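Me: Please take a close look at how the inside of this chain is packed. I am a first-year student, and I would like each term explained as it comes up.

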Amino acid sequence: MVLLTIGYSTLSDRAENIVYPRQPDWEYQLHVQAEKTPVNKPNTFYLDSAGVAKSRNSAIIHANGKYLLFGDDDVVFDETEITKALDYLEQHPEISLLLASAVDETGQLRKNYPTATKKLTLTNSARAATYEMIIRVDEVKKLSIRFDEEFGAGAKNYLGDEYIFIADLIKAGGNAVFAPIPIAMHPANSSGARWGETADRIARAKVFDRVFGKLAPVVRLAFGLRRLAELGGLANVLRFTFSR
């Protein structure tokens, strides 16, 4: 069995931007959204519609690796750090998902990550990025976990697909951990960092509805008070709490 599949989500006109790691024993796949314009790369799968979650699910379906790492066309992976992450997973067979860290184009960590390994829960995994996630493919398939295609870039609810995936896995009994291993470089700007517009606030509120159901307003209030500055003041925290 191949140890690792990296499944890249892309559009046909961006596929040539992807630089694969120089590790011949890993499998590389392209999952091209909404287009059938030929791409000059092997292991390319074409999807009939847009939405990054659809391409992530395609990667889960088609991965031949024991582990699957999700890539984007603007991500550069660090082979040495990925190998460390894979070693961790090999030493901890009970782990279904490993969430690693990433740096920006200046080499700085993209977030205020924990400095030690930490178990993921519904309350500490909302800032996950897909290119930080490595899953144990057989375990995820056994638990019947997939990305919710109503969320994520290209969908009406254009963020939160990563968090929902992790939440669904935890609820299904899967084990997920964070480890401070910087496996990827991604530019500082991303859709997951958006806060300023009304649409951003509403999209985030819907993610909490999806994860917490009837408890969502309570969780949104607590979350909103911690993110008062990003939401733009107390009035917006209340709007966020009541999904307005």
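Reply: Contact here means that heavy atoms lie within 4.5 Å of each other. Among contacts in the chain between residues at least 6 apart in sequence, 66% join residues at least 24 apart. The model is a predicted one, in which local features need pLDDT of at least 70 and side-chain atom pairs count only at pLDDT 80 or more, while totals for chains, interfaces and linings use all residues. Residues are numbered from 1 along each chain as its sequence is written, and side-chain values use heavy atoms, with hydrogens and water left out.

Of the 244 residues in the chain, 50% are buried (under 20% relative accessible area, against over 50% for exposed and in between for partly exposed, with a 1.4 Å probe and protein chains only). The largest nonpolar core (buried Ala, Val, Leu, Ile, Met, Phe, Trp, Tyr and Cys residues joined through side-chain atoms within 4.5 Å) has 53 residues, and Phe77, Leu97, Phe165 and Ile183 have the most contacts inside it. Strand β9, residues 176-185, gives the most to this core, with seven residues; helices (H or I, at least four residues) and strands (E, at least two) are DSSP runs numbered from the N terminus. When neighbours within four places in sequence are left aside, the contacts of Leu97 include Leu120, Met133, Phe165, Ala176 and Val177.

A second, separate core of 17 residues includes Phe151, Ile164, Ala167 and Ala203. Helix α4 (residues 161-171) and helix α5 (residues 198-212) have axes that come within 10 Å and cross at roughly 10°, where axes are lines fitted to C-alpha atoms, for helices over the stretch in contact, and angles run from 0 to 180 degrees between N-to-C directions. The two helices, α4 and α5, are therefore roughly parallel to each other (under 35 degrees, whereas over 145 is roughly antiparallel, 65 to 115 roughly perpendicular and the rest oblique). On the α4 side the contact is made by Tyr163, Ile164, Ala167, Asp168 and Lys171, and on the α5 side by Val207, Phe208, Arg210, Val211 and Phe212. These residues divide into seven nonpolar, no polar and three charged, with Ala, Val, Leu, Ile, Met, Phe, Trp, Tyr, Cys and Pro counted as nonpolar, Asp, Glu, Lys and Arg as charged, and the others, Gly among them, as polar.

Helix α1 (residues 52-62) has eight of its 11 residues buried, so α1 is largely enclosed by the rest of the structure; among the buried ones are Val52, Arg56, Asn57 and Ile60.
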